[in-house]
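Me: I am new to this structure and would like to learn how to read its features one at a time. Could you take me through them slowly?

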Amino acid sequence: MRFLEVFSLLLVAGLTFADPCSDIAGMAFVPPADARACLKSFPFNETLRQNLLATSAGVLDFFTFEEYYLESPAPFQESTANIRSELARINSTTYETDYDLSWDLYTFTTQLNDGHTRWFPDCYTSFQSLMPAPIITASVNGTEGVYIAPDLVEFVALIGTAFTSFYDSIGFNYSRLAGARVLSIEGQDPYDFVDVIASTISGNYLDHGVRVNSVFTSYRISGTDFSQRIGDLAGPTGVERDTITMTINVARSNTTETITVPLLANFAGAAFTDGPSYWANNCAATESTNGVDFKGEALKTQTATPRRMMAKGDIRDLGNSNAVGLPDKFHPTLPPVDGSSGVIKSFILPGSETGVMFVGSFSGDFDGFMSDTVAAITSFQKAGVSRLIIDLTNNGGGFICLGFFLFQYLGGAANFPYSGFVSTARGNPLAQKIVASDIALGLDADFSFYTPDNYAFLNGTQMPTDFNYMDPTVSFTVNGVLDPTSQRFHDTCELFFSQPVPDEPPFALENIAIVSNGNCASTCAMFSTLMNERLGTKIAVFGGKPGENVEFKGMAGNQVLEWFDLDSEIKTADLENDPLAPPDLLISGDFRVNWRTAWSWEDEDTPIAYRSELPKLRFPYTFDTYNNPQNLWLFAEQEMF
């Protein structure tokens, strides 16, 4: 259905304009209430609800962990929900606006705490609220507490004058808050309120302790540059909150005061001038919303194949759309070694005993990641480095095969000829039809993730294109519910490694250590789990709530499919008209889904996502380490070797 048809549905439903959208058009930063007025100006429409829920229900048929949610095992009990009952609730709830409907579904999927399985409505996630008072957890004089980030002034300045001038105009002096001790937030103990944000806003990670660290500001790599993540308290997606009230002790003062900090919403969507153009440019489905038949795409471009399918496991951090840099004074002062122009930044610490690879993600240039790995480790070896620290802080994942490549490179190909996990897909009826149809159509891995040649038998032999690994499915029961899977298989990543992998480890395995804040998602989580389960690597997690556990891995599902990908699988298999196929979305958005399971090497009946694996070491952040990676690496070198 085209935009004008969809928008006419809203008009018929009674949309009238004082047009709050025109009031904020062209503005990069607006008060959340003004943005909310625009977003709530589109009335609820039943046709759009039924379309959204039909697509959602169809996507969730492929969700590998659906039945686990009926009673999530310890320590992940917080992530428990009857998914179908929640969809039924949304279907029967009375909503005044389209925003209320879509935000309810967004919130529900966020609180599943699976970053691979979430609804992202472009119409309503184009705003990120920002507060000039990001918080940290840090140990000061041996006592851990919550503080406003000491680098507040330098960091907030990087957001830009369009942001800071608003606070100047209302006489709010945020700069004096730098380093203040936070005594309460919204009347609660600060760690208790951090728990609230972790439970309701953060999402992405099954483990509550990992989500706690997501609330705080911390360093990261965004794209290929050092960056500072503002955190989920000071930078939540959406415009639900207008202010945050905190009781603080300002640095170098014994005075206690209560402050109310206004938030400001940053718009990162497509330009608009009024309500109709906002809907047209940000809400209506586009040519890239729904999937395509890749057989037809290949014919259109007159190529034999449309693309090589490369599996990904990553989360979507919407804050990356307006990421700002790490203040210069916190960048490493050590010279980078070769292979540091991409998502990996590598350094040799003073004394030349320890090398550091800060692996910001497993995304970006697929072949470049592998060549950068080789370049960095070669530089380390030439310099006589004998120990390696891998920093995975805020690594959101990426190409699955790159995580397996790095593991095999460090573990040695002779020791680990297969570098990944045993895997399965959910064996629902439509999935079975897709595999059978792909085989009948003679398709291969250039067209589909479902074709058998994407995978190998457990003996390492690549599956032929006519082997149906969904026939028969394998009986599997979760929480008393029969939930069949595909037959088990391996990935075929080794076929696509563009760099030779050494037979033996480049470093003694006991001389490899990993550090992070636990916000290590998807491919990062699979990599760190491989290092833990197969190599026994020392892993340290920084931060977290004092006295509570933090897992070393965040979301550890396996491959994720975006809605476009899943819909393309169905259409490429000529099944778009099958009664089980979900309909095309009428609105712009993405319902992504965890499509495959990775099974633990230590317990073959447990997905790694549901296997609790704690770090061997826990350290609090300090004012010197929370946003200064080099200081953290020097500390880790002393404590971990």
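**Reading a sheet and its helices**

Reply: Let us start with a sheet, where the order of strands is the thing to read: in this predicted model, 5 strands form an open sheet in the order β4-β5-β6-β9-β10, and their pairing is antiparallel.

Me: Which strands stand at the edges of this sheet?

Reply: The edges are taken by β4 (135-140) and β10 (256-262), and because each has a single partner strand, one side of each is left without a neighbour in the sheet. From one strand to the next, the twist averages 45°.

Me: Over how many bridges do β4 and β5 pair?

Reply: Strand β5 (residues 143-148) is joined to β4 over 6 bridges in the antiparallel sense, and within this region valine 140 is found opposite threonine 143 of β5.

Me: Which strands does α9 lie across?

Reply: Helix α9 lies across β4, β5 and β6 (181-185), and its direction makes an angle of about 60° with β6.

Me: At what angle do α9 and α10 pack?

Reply: For a pair of helices one reads both the angle and the distance between axes; here α9 (residues 190-202) packs against α10 (residues 208-215) at about 100°, and the axes are 8 Å apart. Angles from 65 to 115 degrees count as roughly perpendicular, which means that α9 is roughly perpendicular to α10. On the α9 side the contact is made by Val194, Asp195, Ile197, Ala198, Ser199 and Ser202, which meet His208, Arg211, Val212, Ser214 and Val215 of α10. Sorted by character, the residues of this contact of α9 with α10 are 5 nonpolar, 4 polar and 2 charged.

Me: How many residues of α10 are buried?

Reply: A residue counts as buried when its relative accessible area is under 20%. In α10 this holds for 8 of the 8 residues, so the helix is largely enclosed by the rest of the structure. Among the elements that cover the buried residues of α10 are β4, α9, β8 (225-229) and β23 (538-542).

Me: Which residues of α8 are buried, and which are exposed?

Reply: Helix α8 (residues 161-169) has Phe163, Thr164 and Tyr167 buried. Looking down the axis of α8, one finds these buried residues within an arc of 85°, and therefore they line one face of the helix. Thr161, Asp168 and Ser169, on the other side of α8, are exposed. The cover over the buried residues of α8 includes β1 (29-30), β3 (127-130), α7 (152-159), β10 and β11 (264-267). After α8 comes glycine 171, which has a positive phi, near 70°.

Me: Where does serine 79 lie, and is serine 79 counted as buried or exposed?

Reply: Serine 79 belongs to the loop between α4 (46-60) and α5 (83-92), and it counts as buried because its relative accessibility is 1%. If residues up to four places away in sequence are not counted, serine 79 touches Tyr69, Ser72, Leu112, Asn113, Leu206 and Arg211. Arg211 also belongs to the contact that α10 makes with α9.

Me: In which helix is threonine 523 placed, and what is threonine 523 in contact with?

Reply: Threonine 523 is in helix α16 (residues 523-535), and with a relative accessibility of 1% it counts as buried. Apart from neighbours within four places in sequence, its contacts are Gly313, Phe362, Gly397, Gly398, Phe399, Ile400 and Gly403. A separation along the chain can be set beside one in space: threonine 523 and glycine 557 are 34 residues apart along the chain, with 8.6 Å between their C-alpha atoms.

Terms used
Residues are numbered from 1 along each chain as its sequence is written. This is a predicted model: local features need pLDDT of at least 70, side-chain atom pairs count only at pLDDT 80 or more; totals for chains, interfaces and linings use all residues. Side-chain values use heavy atoms; hydrogens and water are left out. Axes are lines fitted to C-alpha atoms, for helices over the stretch in contact, and angles run from 0 to 180 degrees between N-to-C directions. Helices (H or I, at least four residues) and strands (E, at least two) are DSSP runs, numbered from the N terminus. Angles under 35 degrees count as roughly parallel, over 145 as roughly antiparallel, 65 to 115 as roughly perpendicular and the rest as oblique. Contact means heavy atoms within 4.5 Å. Ala, Val, Leu, Ile, Met, Phe, Trp, Tyr, Cys and Pro count as nonpolar, Asp, Glu, Lys and Arg as charged, and the others, Gly among them, as polar. Two strands pair if DSSP finds at least two bridges between them. Buried means under 20% relative accessible area, exposed over 50%, partly exposed in between (1.4 Å probe, protein chains only). The arc is that of the directions from the helix axis to the C-beta atoms.
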